[in-house]
Amino acid sequence: MKALYRRYRSLSLADVAGQEAVVGALTKALAAGKIGHAYLLSGPRGTGKTSVARILAHEVNGFKYELEATHPDIIEIDAASNTGVDNIRELIERAALRPTMGKYKVYIIDEVHMLSKSAFNALLKTLEEPPSSVIFVLATTDPEKVPLTILSRVQHLKFGLAEAKVVAERLREVAKKEGLAITDDALEFLAENSGGSFRDALSLLEQAATVCGSGSAKEIKRAELEQAFGVPNGQSISDLLAAFDRVDEGAILDILDKVCYNGGGNYKSLVEGLARQVLKTPTASTLALIDGLLAALRNPAIDVGLQVRLVFLEQLMPANRLITNPSGTTSVKPVATGEPRLVLGLPPSECPSGSVSEGSAPEEAMEAGELDWEGVKEEIKRSDIGLWAVLAKRQVEIGEGEVKIYAEKPLWAGKLEKAENFAKISRLVAPRKLVVLAEKAPPSETLSKVSAIIGVDAGELKEVEVPDGI
């Protein structure tokens, strides 16, 4: 399909989909005649970086860009296979020569982060004093590995993954030009599984045409694609979440056996499908489930199928069954078996009888609405010692509707705000809202009084516990 798509027509910036900010910036620069001498295009694979680099190289020279066409004034270099300083020195020597046919000689260096340190240093000298007739367009999937000295001398344009609806629309255009009959929900399926990459989407469409299509007479449908690619269908996903909601262990395991074993163990697609469905109507329990499943995918050393089943079973345990009631409060989802216990931060009135607060005697059960912050930290410590080390030293302010964590520094704030960490803490303080502040906690009333007496800034004072009898 990709090979066939290349024959259609010449391309321009107007044909680039899903990268409006990048296209807008380059279009304005071209219209104003203010072309930079060096650009860095960064973003995930398959988002159009190299295509935009080629289009820009042609448009600055007024050439039509035909796919697969080459031009003597447009030179492409793959940094992954030309990493040495000698390769860059040769490039610099050629850059001194005037363009053959166009106004500019354009060098496109793909995966530029692969260059060696000495090669970057050689390139830097040219970027500092570039020839007026030369433009460098650097492309990379890993801009963090590009030296700051290079970044400071280029215009950095960032590419993002495209939305599924944008990818689906582009696939519809390609299918129409190819005379390929395919339903809208089948296109949506391909777009969802492309991960926002146009390149991957076209590859999937080509596979779909090969596996499911036998000419324009046969219409490709979503059900065929799900079966061909071994991806759980939408009904299986809905059934799985419904079984999880009603705490039906047997049904969950049956569905997992059917979906994953018959589908070749495609657990990544299963988790992606669950995540998309959960995002529509998220709850504390389903978010915890997704968090656990994503962690399982990151640990391929242990059988992923086994991990997935264990995650589901773990989330069925009474202590982990958090649901949000219409009133906005959080409660335990009762189950038929197992010894119930009080979930941290949960009012005793909403817990099964006989449950106790973790780390406390039954008579020391928390008052309604009270949050056991020490218990929260202990829960974090059991599962993530690194996060606990950060959390344990931070000051908190617990209110009726929210929990404020004063991170003190952006570094610690970033650690706490990392998606998986933020979700982990949020579940334990629910239904309160979690707020992370990259600043110090305000001084307490006691410290304020002391500072007024001794004339020292309250922010420089530290509260300590005084032993009894002193």
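Which residues of helix 5 are buried? In this predicted model, they are Ala119, Phe120, Ala122, Leu123, Leu124, Thr126 and Leu127. As you look down that list, keep a general point in mind: an α-helix has 3.6 residues a turn, so residues three or four places apart point the same way. Helix 5 itself runs over residues 117-128, and its length is easy to check: at 1.5 Å a residue, its 12 residues should span 16 Å, which agrees with the 16 Å between its end C-alpha atoms. The cover over its buried residues includes strand 2 (38-42), helix 4 (85-95), strand 5 (105-110), strand 6 (134-140) and helix 6 (148-151).

Before we go on, let's step back to the whole chain. There are 20 helices and 12 strands in the chain, and 42% of its 470 residues count as buried. If we take the contacts between residues at least 6 apart in sequence, 67% of them join residues at least 24 apart.

Strands 5 and 6, which help to cover helix 5, also bring us to the aromatic rings. The count of aromatic pairs comes to 2. One of them is formed by Tyr107 and Phe136, a stacked pair with 5.7 Å from centre to centre and 25° between the planes. Tyr107 belongs to strand 5 and Phe136 to strand 6, so this pair links distant parts of the chain, 29 residues apart. Both Tyr107 and Phe136 are buried. Phe244 and Phe312 form an edge-to-face pair, with 6.1 Å centre to centre and 80° between the planes. Here too the pair links distant parts of the chain: Phe244 lies in helix 11 (residues 234-245), Phe312 in helix 15 (residues 304-315), and 68 residues separate them. Phe244 and Phe312 are both buried as well.

For a residue that is not buried, turn to Glu76 in strand 4 (residues 74-78). Its relative accessibility is 44%, which is why Glu76 counts as partly exposed. Leaving aside residues up to four places away in sequence, Glu76 touches Thr50, Arg54 and Ile108. Glu76 also lies 9.5 Å from Val137, C-alpha to C-alpha, although 61 residues separate the two in sequence.

Now follow the chain to helix 10 (residues 222-229), which packs with helix 9 (residues 198-211) at an angle of about 100°, their axes 11 Å apart. That angle makes helix 9 roughly perpendicular to helix 10. On the helix 9 side, Leu204, Gln207, Ala208 and Val211 make the contact, meeting Leu225, Ala228 and Phe229 of helix 10. By class, 6 residues of this contact are nonpolar, 1 is polar and none is charged.

How does helix 10 pack with helix 8 (residues 184-192), and at what angle? The angle between them is about 35°, and the axes are 8 Å apart. Asp185, Ala186, Glu188, Phe189, Leu190 and Glu192 in helix 8 meet Arg222, Leu225, Glu226 and Phe229 in helix 10. The make-up of this contact is 5 nonpolar and 5 charged residues, with no polar ones. Leu225 and Phe229 of helix 10 are worth finding on your screen: they take part in the contact with helix 9 and also in the contact with helix 8.

Technical notes. Residues are numbered from 1 along each chain as its sequence is written. This is a predicted model: local features need pLDDT of at least 70, side-chain atom pairs count only at pLDDT 80 or more; totals for chains, interfaces and linings use all residues. Side-chain values use heavy atoms; hydrogens and water are left out. Axes are lines fitted to C-alpha atoms, for helices over the stretch in contact, and angles run from 0 to 180 degrees between N-to-C directions. Helices (H or I, at least four residues) and strands (E, at least two) are DSSP runs, numbered from the N terminus. Angles under 35 degrees count as roughly parallel, over 145 as roughly antiparallel, 65 to 115 as roughly perpendicular and the rest as oblique. Contact means heavy atoms within 4.5 Å. Ala, Val, Leu, Ile, Met, Phe, Trp, Tyr, Cys and Pro count as nonpolar, Asp, Glu, Lys and Arg as charged, and the others, Gly among them, as polar. The expected span of a helix is 1.5 Å times one less than its number of residues. Buried means under 20% relative accessible area, exposed over 50%, partly exposed in between (1.4 Å probe, protein chains only). Rings of Phe, Tyr and Trp (its six-membered ring) pair if their centres lie within 6.5 Å; planes under 30 degrees apart count as stacked, over 60 as edge-to-face and the rest as tilted.
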